[in-house]
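Q: Got a minute to go through this one with me? I want to talk about the sheet, the empty spaces and any odd backbone spots.

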Amino acid sequence: MTGSTDFVLPELADIQAEASTIDTRAVLAAAADEEPSHSRPAIALALWQDREISTAELQAAAEQRVATRMPRLHTFVPLYTTNHCDSECKMCSMRKGNARLERKFAGKRELEEQLEILYHHEGVRGVGFLTGEYEDKYVRQTTAFRIGWAIRTALDMGFERVYFNIGSMEPDEIDVLGDWIGKEEPVTMCVFQETYHRESYRKFMGKTSMGVPKADYDRRIVSFDRWLDAGYRYVNPGVLVGLHEEVELEIVRLVAHGAHLRERGAVVDLSLPRMRPAMSSKDTTRVKDDDYLRMMAVIAFTCPEQRLVLTTREPQEFQDQAIGLAGVISPGSPDVAPYRRDGQARNDEKSSQFLIADLRRPRHILSRIEERGTKVAHFDAPVNAPVG
């Protein structure tokens, strides 16, 4: 049963009706610290639809609106702890039925070594732990325990911000993970809805959750409310841009989800990664650069205190274009335990969730951003690390 604090999906028609009443020029002219009177989903939709306002103009307004946020930008690096998964998401190489994927599992010593590499050789102080999602209740709880241990290990090592993305979570699973962390520690739950459109969700994730845990749309979407109910604060919802063709719906519902979580007192990051190539899938990018940049600008303008996460799914050229809209930069590889002391990370098609566009080492990416004038929090450029 869900409670009264749970997120309710807004109807696009209702938001469209409100959006049609908005003076977009007046919204753009508002002071950077002024919250417009209309709902955030309607403002986002109105700005997206008004093509008399160029993407460049929207981007400039959004960058001005988020410029006072401190820190301006922070970082975390993803660390996949396994590529085993019980789900069957069509766009993902980790899906259970992909017999061609080389399955891997990182144990205690390997994870400790990966954290040591990230901390000392890459200079990062933010990390995100990832796994698949599992059907068996015991496996779900042991995964929560294992990732809780990994989070505690990272925090005790000196990492300043930790994210985790292990699928939907129920209250008892949150309790197991929560045994390792304090309520106020900077630990962010990531549960991307992938698409807020139920039929597209069923198409890609599965029509029934029997044996396919990620197919449970409702369990996934209430995970953040369960996390907040348990007393935690940091959340990161997201959509996989291009999975569902109706970009307007994804904008409206992602913004609405962020607004709901904000009203509950959460600290919210927002993710909107584009699809990338994956083994035996057809997940080509369907949203082109200008529309994607416009989508980012609309959401950044509408939700200025909610940080957009930009990753190395995108090539360096696009990162340079979009970095002013982002609040988090996340360089790294979606392979299992991929980081090396003396070279770039592994991103092998045979074992990775997907292939990324930019495999430069995290310290090189982050140092370049700082050289171009933006300080990156949770990064301490290593002075004597070996060049790779």
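A: What follows goes through the sheet, the cavities, a pocket, a helix pair and the backbone.

Q: Experiment or prediction?

A: This is a predicted model.

Q: OK, the sheet. How many strands, and in what order?

A: The open sheet has 9 strands, ordered β1-β9-β8-β7-β6-β5-β4-β3-β2, and the pairing is parallel.

Q: Which strands are at the edges?

A: β1, residues 74-75, and β2, residues 77-80, are the edge strands, each pairing on one side only.

Q: What does β2 pair with, and over how many bridges?

A: β2 pairs with β3, residues 126-130, in the parallel sense, over 4 bridges. Within that pair, Val77 stands opposite Val127 of β3.

Q: Switching to empty space. How many cavities of 30 Å³ or more?

A: The count is 5 cavities of 30 Å³ or more.

Q: What's the volume of the largest cavity?

A: The largest cavity holds about 770 Å³ of space. Its lining is made of 44 residues, and those closest to the centre are Tyr80, Leu130, Asn165, Arg313 and Gln353.

Q: Which strands supply at least two residues of that lining?

A: β2, β3, β4 (161-165) and β8 (307-311) each supply at least two residues of the lining of the largest cavity.

Q: And how does the lining of the largest cavity split by class?

A: There are 23 nonpolar, 13 polar and 8 charged residues in the lining of the largest cavity.

Q: What about the second largest cavity?

A: The second largest cavity has about 70 Å³ of space. Its lining consists of Glu133, Tyr134, Arg140, Thr143, Ala144, Ile166, Ser168, Met169 and Glu173. In classes, that lining has 4 nonpolar, 2 polar and 3 charged residues.

Q: Which helix gives the most to the lining of the second largest cavity?

A: Helix α6, residues 137-157, gives the most, with 3 residues.

Q: Now pockets. What's the volume of the largest pocket, and what is close to its centre?

A: The volume of the largest pocket is about 150 Å³. Among its 13 lining residues, Pro41, Ala256, Ala259, His260 and Glu263 are the closest to the centre.

Q: Which helices are involved there?

A: α3 (40-49) and α11 (247-263) each supply at least two residues of the lining of the largest pocket. α11 gives the most, with 5 residues.

Q: Class split for the largest pocket?

A: The lining of the largest pocket has 7 nonpolar, 2 polar and 4 charged residues.

Q: Back to α3. At what angle does α3 pack with α1?

A: Helix α1, residues 12-19, packs with α3 at an angle of about 70°, and their axes are 8 Å apart. Angles of 65 to 115 degrees count as roughly perpendicular, so α1 and α3 are roughly perpendicular to each other.

Q: Which residues make that contact?

A: On α1 the contact is made by Leu12, Ile15, Gln16, Glu18 and Ala19, and on α3 by Pro41, Ala42, Leu45, Ala46 and Gln49. By class, the contact of α1 with α3 has 7 nonpolar, 2 polar and 1 charged.

Q: Last topic, the backbone. Is the peptide bond from Met70 to Pro71 cis or trans?

A: The peptide bond from Met70 to Pro71 is cis, with omega near -10°. Pro71 is in the loop between α4 (55-66) and β1.

Q: And what is the phi of Glu194?

A: Glu194 has a positive phi of about 70°, although Glu194 is not a glycine. Glu194 is placed in the loop between β5 (187-190) and α8 (198-205).

Definitions and conventions
Residues are numbered from 1 along each chain as its sequence is written. This is a predicted model: local features need pLDDT of at least 70, side-chain atom pairs count only at pLDDT 80 or more; totals for chains, interfaces and linings use all residues. Side-chain values use heavy atoms; hydrogens and water are left out. Two strands pair if DSSP finds at least two bridges between them. On a 1 Å grid over the protein atoms alone, a cavity is a set of points where a 1.4 Å probe fits but cannot get out, and a pocket is an open set with protein on both sides within 12 Å along at least five of seven lines; lining residues have an atom within 4 Å of a point. Grid points are joined across faces, edges and corners, and a volume is the space filled by probe spheres set on the points. Ala, Val, Leu, Ile, Met, Phe, Trp, Tyr, Cys and Pro count as nonpolar, Asp, Glu, Lys and Arg as charged, and the others, Gly among them, as polar. Axes are lines fitted to C-alpha atoms, for helices over the stretch in contact, and angles run from 0 to 180 degrees between N-to-C directions. Angles under 35 degrees count as roughly parallel, over 145 as roughly antiparallel, 65 to 115 as roughly perpendicular and the rest as oblique. Contact means heavy atoms within 4.5 Å.
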